[in-house]
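Here's a structure worth a slow walk-through. Take a look at the sequence and the model first, and then we'll go through a few spots together.

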Amino acid sequence: MNNSLSAKEFIEKLVPNRPKHRKLKTKLLFDISSRILDYRLEKSMSQKSLAEFFGVTQGMISKWESCEYNFTIEQVCKIAEKLDLIPNITFSADEETAGSVSWQNIKSNENIEFIDENHIIPMSA
């Protein structure tokens with residue numbers, strides 16, 4: 001028997017009967033937190049070593065990874081920069097696709113030449 005939940009089902013169980021904006025906020029925090037956790041696990045890092053990498057405390061990493069921290073846009077951008085990623089937050093009228101954060105890899109020495117709602121194009125060398 002498979003007991004795994006989709007992200008939507010998980011959020012619904014986590015914040016049942018909450019206004020849509022609260023569910024959306026939880027979904028965004030979940031996407032950000034899980035990307036940080038995935039990075040740490042991919043690199044076989046402890047929370048302490050990741051904290052040193054970011055210049056924060058181990059307790060802050062714990063809050064980040066457990067969706068207990070309300071990130072500002074600036075903080076998300078700084079985190080993404082350290083991970084060589086560009087965050088892409090999707091706004092949509094479709095509840096299924098709204099409020100997701102996707103991450104695009106980019107080499108840290110490249111500059112972004114053009115951004116629109118669908119494309120992020122690194123400058124050519």
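Is F53 buried, partly exposed or exposed? Keep in mind that this is a predicted model. F53 has a relative accessibility of 28%, so it counts as partly exposed, since buried would need a value under 20% and exposed one over 50%.

F53 is a handy place to begin, because its ring is paired up. A search of the whole structure turns up five aromatic pairs. In one of them, the ring centres of Y39 and F53 are 6.1 Å apart and the planes meet at 25°, so this pair is stacked. It ties together distant parts of the chain: Y39 belongs to helix α2 and F53 to helix α3, with their positions 14 residues apart. Y39 is buried, at a relative accessible area of 12%.

Now hop over to W64 and F71. Their rings also pair, but here the arrangement is tilted, with 6.0 Å from centre to centre and 50° between the planes. W64 is buried at 7% relative accessibility, and F71 is buried too, at 10%. Step back a little and the rings join up: Y39, F53, F54, W64, Y69 and F71 make one aromatic cluster. There's a charge in the picture as well, as the charged end of K82 sits over the ring of F53, 4.5 Å from the ring's centre.

Next, try E65, which is part of helix α4. Is this residue buried or exposed? With 13% relative accessibility, E65 counts as buried. Its side chain has a polar partner: a contact of 2.8 Å joins E65 to the side chain of Q47. Leaving aside residues up to four places away in sequence, E65 touches S33, I36, L37, R40, Q47 and L50.

Finally, let's look at the backbone in two loops. Most residues other than glycine have a negative phi. S44 goes the other way, with a positive phi near 55°. You'll find S44 in the loop between α2 (20-42) and α3 (47-54), and it is exposed, with a relative accessible area of 69%. C67 is another non-glycine residue with a positive phi, this time about 60°. Look for C67 in the loop between α4 (58-65) and α5 (73-82). How accessible is C67? Its relative accessibility is 26%, so C67 counts as partly exposed.

How values were computed:
Residues are numbered from 1 along each chain as its sequence is written. This is a predicted model: local features need pLDDT of at least 70, side-chain atom pairs count only at pLDDT 80 or more; totals for chains, interfaces and linings use all residues. Side-chain values use heavy atoms; hydrogens and water are left out. Helices (H or I, at least four residues) and strands (E, at least two) are DSSP runs, numbered from the N terminus. Buried means under 20% relative accessible area, exposed over 50%, partly exposed in between (1.4 Å probe, protein chains only). A polar contact is a pair of N or O atoms within 3.5 Å; within protein, one must be able to donate a hydrogen and the other to accept it, and residues adjacent in sequence count only if both atoms are side-chain atoms. Contact means heavy atoms within 4.5 Å. Rings of Phe, Tyr and Trp (its six-membered ring) pair if their centres lie within 6.5 Å; planes under 30 degrees apart count as stacked, over 60 as edge-to-face and the rest as tilted. A charge sits over a ring if NZ of Lys or CZ of Arg is within 6 Å of the ring centre and within 35 degrees of the ring normal.
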